[in-house]
Amino acid sequence: MIPAEFSYVRPTSIEEAAQAAGQPGAKVIAGGQSLLPLMKLRLARPSTIVDIGRIPGLSGTHYLPDGGVEMGALTTYAQVIAETQLEWTREALSNVGDVQVRNRGTLGGSIAHADPASDAPAIALALDYSAVLRSPRGERVVPLDGFFTGPFTTTAADDEILVALRRPPLPDGVGGAYEKLAQPASGYAMVGVAVVIGRSEIVGKPMAMLLLAQHATVTICHSRTVDLAEYARRADVLVAAVGRRGLVTPDMVKPGATVIDVGVNRTDEGKLVGDVDPACFEVAGLMTPVPGGVGPLTIAMLLKNTVAAAEARYTAA
Ligand SMILES: Cc1cc2nc3c(=O)[nH]c(=O)nc-3n(C[C@H](O)[C@H](O)[C@H](O)COP(=O)(O)OP(=O)(O)OC[C@H]3O[C@@H](n4cnc5c(N)ncnc54)[C@H](O)[C@@H]3O)c2cc1C
């Protein structure tokens, strides 16, 4: 079908775009891969199309000083696939639509559209992305966990332009996965689930800071903690990093909790064991073994840092 009549404006700045988008009946268009099909079906009938596609500076991946990442709202799927360092994200987005959709469709468009069957929103949510919105009232940064208010609805006002998506740094050793049960004809997700799992070797205070950054309620126990078991039993994620064999026993683990054993101890026979009694495997939902858990990850990260240090030295020379 042919869309209903509309007028067309192509602003050259975000300020101009926000002004135009705030007018009654106006609608922003980026790659057009969702809006145009809706207009052709006359499910959307904007009186004015505000084409933000040629506003400079809204595209590409930028690495932030704190190690975080910012992606411009006009970054296309094809660009994200080429630029991301996360293998699982690359694989997931390579299955979105077809070549044309990936070349035209933008990350910002997918997030702003808030289609629950889309792939990017689940992935961006799992990676803790925030939406950077700009309007005549200024800029605000909204965590995506709170940005989506329901299918096809967000907290963004009509005159707020999504200019970028920003995420905090990921600790080394973080992995992720995305799985979708795709509708066979369209490829859209009937169910899409993304999970990020952190298994950093960093312990003590730095570990507490990392967990705090993920909005966890953190309790640090130590040698003077009275009734350690009481605190341990409350934890959904229990990290043991003391260096005392058998410190954590099954009665201290909440059923189904995730237990990360960072302890390194030797038995009298020289066998390597952790801080957590292996019987806790029966109670925990997930548990890292010793040996074979945090240890190999530590070695991998040390090697990675050694290579990075060597590269930095030879590049500087
Ligand atoms: C044939 C086909 C197959 C597809 N298959 C898949 C699939 O398998 N998986 C999947 O996830 N998606 C799929 N899609 C959807 C596609 O990925 C999204 O529609 C696209 O990424 C949206 O981005 P866009 O730039 O095209 O947005 P547009 O269509 O331009 O805009 C979508 C909506 O977002 C708003 N908007 C866009 N950018 C901004 C901004 N910067 N600020 C504020 N508001 C904005 C618009 O006003 C509009 O309401 C498919 C689409 C087609 C046509």
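In which sense do β1 and strand β3 (residues 48–51) pair, and over how many bridges? In this predicted model, local features need pLDDT of at least 70 and side-chain atom pairs count only at pLDDT 80 or more, while totals for chains, interfaces and linings use all residues. Residues are numbered from 1 along each chain as its sequence is written.

The pairing of β1 with β3 is parallel and runs over 3 bridges; two strands pair if DSSP finds at least two bridges between them. Y8 sits opposite I49 in β3. Put into the bigger picture, 3 strands make an open sheet, ordered β1-β3-β2, with parallel pairing. β1 (7–9) and β2 (26–29) are at the edges with a single partner strand each, so one side of each has no neighbour in the sheet. On average, neighbouring strands here are turned by 25° against each other, direction ignored. Helix α1 (residues 14–21) packs on this sheet and touches β1, β2 and β3, where contact means C-beta atoms, placed from the backbone, within 7 Å. The direction of α1 makes about 165° with that of β3; axes are lines fitted to C-alpha atoms, for helices over the stretch in contact, and angles run from 0 to 180 degrees between N-to-C directions.

Zooming out, the chain has 11 helices and 17 strands, taken as DSSP runs (H or I, at least four residues, for helices; E, at least two, for strands) numbered from the N terminus. The chain splits into domain 1 (7–173) and domain 2 (200–297), with bounds from an automatic or database domain assignment. Along its principal axes, the C-alpha trace spans about 80 × 55 × 40 Å.

How values were computed: Two residues are in contact if their C-beta atoms, placed from the backbone, lie within 7 Å.
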